[in-house]
Amino acid sequence: MNNTNLFSGKAECYNKARPGYSIEFIKYLYGRAGFNKESVIADIGSGTGKFSKYLLQRGSKVFCVEPNEDMRKTADRELSIYSNFISVKGEADNTALENSSVDFITVAQAFHWFDTEKFRLECRRILKPGGKAILVWNSRDINHMVNMASNEINKKYCPKFKGFSGGIVKDDERINDFFCGKYERIEFSNNIYYNRDNFIRRSLSSSYSLNPDDENYSEYIKKMEYIFDQYSCDGIIEIGNNTVGYIGEV
């Protein structure tokens, strides 16, 4: 299945409302995980560059590989100020990068769209000897009341909804298969705070969310607004969330 166009038309909402990642997680990458300003990194499925930006700010050379035109153009606009940013039109199993050309591969919020075996083969091709892959998610705390309520609304109104983070669960079988069972899992708290507009934008930025011409779109928006009104305080809603990473050789 080609998932390239799932986020077409959603880049603006994605860029404005998708959260950043835990600073402690980034510190971990540039500490114990071995990242540094000399590192060459391929950020695969880089979208609008939300994760890539952290790497660029640290001085690393980053190939931002993204197949979706809408998302890639937004990243080009947002990240063009960084001389170490390289925009690449490519896919997870066909990155267009040279053999043994990168020290690390990162994937933020995108691995669940990939063909695990094809992606592993591409990683082996482009990684330098000893290079590592890092799979990253902002993973919602499913026991948090806002997430529980949002989950029920998405299940009712969004036919494509398979769960948050594409249905990926802790130590998911797909992750285990990708790393052949040998990886390190790390997790840092990263709760998210939204005003009303950005809470709705966040809901609409998901691949499974309804579009304006879909049946029940207006009702879906009203239900999400109700969640905001029910759980917000002084115009801000808190969402329980963690930045989770899986690190290993492939």
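This report walks through a pocket, the cysteines and one helix in a predicted model.

## The second largest pocket

Let's start with empty space. The second largest pocket holds about 410 Å³, and 17 residues line it. Nearest its centre sit Ser 139, Arg 140, Ile 168, Val 169 and Lys 170.

Three strands each put at least two residues into that lining: strand 5 (127–140), strand 6 (184–189) and strand 9 (241–248). As for chemistry, the walls of the second largest pocket are a mix, with seven nonpolar residues alongside five polar and five charged ones.

## The cysteines

No disulfides here: the count comes to zero. Cys 123 isn't in one, and its nearest cysteine sulfur, on Cys 180, is 12 Å away. Turn it around and the story holds for Cys 180, which is in no disulfide and has the sulfur of Cys 123 as its nearest cysteine sulfur, at 12 Å. A disulfide would need the two sulfurs within 2.5 Å.

What about their surroundings? Cys 123 has a relative accessibility of 1%, so it counts as buried. Cys 180, at 51%, counts as exposed.

## Helix 8

Helix 8 covers residues 196–204. At its N-terminal end, Asn 195 acts as the cap, with a side-chain oxygen 3.3 Å from the backbone nitrogen of Asp 197.

Further along, the buried residues of helix 8 are Asn 198, Phe 199, Ile 200, Arg 202, Ser 203 and Leu 204. So Arg 202, a charged residue by class, is on the buried list together with Phe 199, Ile 200 and Leu 204.

Notes:
Residues are numbered from 1 along each chain as its sequence is written. This is a predicted model: local features need pLDDT of at least 70, side-chain atom pairs count only at pLDDT 80 or more; totals for chains, interfaces and linings use all residues. Side-chain values use heavy atoms; hydrogens and water are left out. On a 1 Å grid over the protein atoms alone, a cavity is a set of points where a 1.4 Å probe fits but cannot get out, and a pocket is an open set with protein on both sides within 12 Å along at least five of seven lines; lining residues have an atom within 4 Å of a point. Grid points are joined across faces, edges and corners, and a volume is the space filled by probe spheres set on the points. Helices (H or I, at least four residues) and strands (E, at least two) are DSSP runs, numbered from the N terminus. Buried means under 20% relative accessible area, exposed over 50%, partly exposed in between (1.4 Å probe, protein chains only). A polar contact is a pair of N or O atoms within 3.5 Å; within protein, one must be able to donate a hydrogen and the other to accept it, and residues adjacent in sequence count only if both atoms are side-chain atoms.
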